Amino acid sequence: MTVNPAGAVATVPPSPPNGPPPRRRTGPPDVHTTPRGLALRLPSDPAAVSRARHTAAGALRCWGVPDTAADDIVLMVDELVTNAIEHADGPVWLRLRLRRGCCVICQVGDGCHEAPRPRPSDPDAENGRGLLLVAALADAFGTRVTTTGKVIWFRRRVRDGRIPAPRTAHPATGTHY
């Protein structure tokens with residue numbers, strides 16, 4: 001039973017809206033995936049680093065990235081997301097993209113407008129080497145300051161030639177789409 005604006009009661013259900021029904025998203029609302037891309041919004045909480053690692057590893061596995069390259073990429077994702085959460089303000093996000101089937105590009109954004117600087121660290125220190133690690137493992141990396149903060153990115157070749165077509169499974173949930 002429905003009531004129209006004039007107050008009359010109708011027993012006919014309202015007509016459906018024009019066009020197709022809205023598409024249901026698969027996975028959590030803060031994850032967006034395509035067959036060759038991943039975008040993830042993260043809270044400014046240290047527990048989010050684990051989620052970023054797990055989601056990135058799942059995407060790389062779906063894309064057929066070799067294990068040794070995937071391990072290095074997940075380690076770099078861990079370092080950049082950790083830095084963003086520890087040293088920046090505002091929302092943190094992660095984007096991974098498989099480019100031309102042979103290269104992975106990662107971007108981590110946050111709300112801080114200052115570019116990170118590698119800092120000297122004591123040999124016994126437990127931190128301070130993340131950017132040096134990224135510089136050693138990535139083919140290229142850099143920082144871009146934006147109106148909303150900054151983006152730290154790296155590029156890593158994962159194999160010569162093209163990677164076979166990715167499997168179509170959602171990296172966060174494992175469900176196929």
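A contact here means heavy atoms within 4.5 Å. With that criterion, among contacts in the protein chain between residues at least 6 apart in sequence, 59% join residues at least 24 apart. The model is predicted, and its mean pLDDT is 78, with 68% of the residues reaching 70 or more.

**The whole chain**

Begin with the entire protein chain in a cartoon representation. Three helices and eight strands are present, and their order along the sequence is β-β-β-β-α-α-β-β-α-β-β. Switch next to a surface view: the chain exposes about 10,900 Å², of which carbon and sulfur atoms supply 55%. Of the 177 residues, 36% are buried.

**Helix H3**

Select residues 130-137, which form helix H3. Within this helix, Gly 130, Leu 131 and Val 134 are buried. Viewed down the axis of H3, the buried residues fall within an arc of 95°, so they line one face of the helix. In an α-helix there are 3.6 residues a turn, so residues three or four places apart point the same way. To see what lies against the buried residues of H3, add helix H2 (67-87), strand S7 (140-145) and strand S8 (150-157) to the selection; these elements are among those that cover them.

**The loop between S5 and S6**

Move to strand S5 (92-99) and strand S6 (103-110), and select Arg 100 in the loop between them. Which sign does the phi of Arg 100 have? The angle is positive, about 55°, although Arg 100 is not a glycine. For context, most residues other than glycine have a negative phi. Is Arg 100 buried or exposed? Arg 100 is exposed, its relative accessible area being 56%.

**Trp 93 and Arg 95**

Display the side chains of Trp 93 and Arg 95. Arg 95 lies over the face of the Trp 93 ring, at 4.0 Å from the ring centre. A search for aromatic pairs, with ring centres required to lie within 6.5 Å, returns a count of zero.

**Segments of low confidence**

Finish by colouring the chain by pLDDT and selecting two segments in turn. Over residues 10-17, pLDDT stays under 50, and the model has four contacts beyond four places in sequence for this segment. Residues 165-169 likewise have pLDDT under 50 throughout. How many contacts beyond four places in sequence does the model have for residues 165-169? The number is 15.

Conventions:
Residues numbered from 1 in each chain as written. Predicted model: local features only at pLDDT ≥ 70, side-chain atom pairs only at ≥ 80, totals over all residues. Heavy atoms only, no water. Buried < 20%, exposed > 50% of the residue type's maximum accessible area, 1.4 Å probe, protein only. Helix = DSSP H or I, 4+ residues; strand = E, 2+ residues; numbered from the N terminus. Arc of directions from axis to C-beta. Areas by Shrake-Rupley, 256 points an atom, 1.4 Å probe, with all protein chains shown as cover. Phe/Tyr/Trp six-rings, centres within 6.5 Å; stacked < 30°, edge-to-face > 60°. Lys NZ or Arg CZ within 6 Å of the ring centre and 35° of its normal. pLDDT = per-residue confidence, 0-100.
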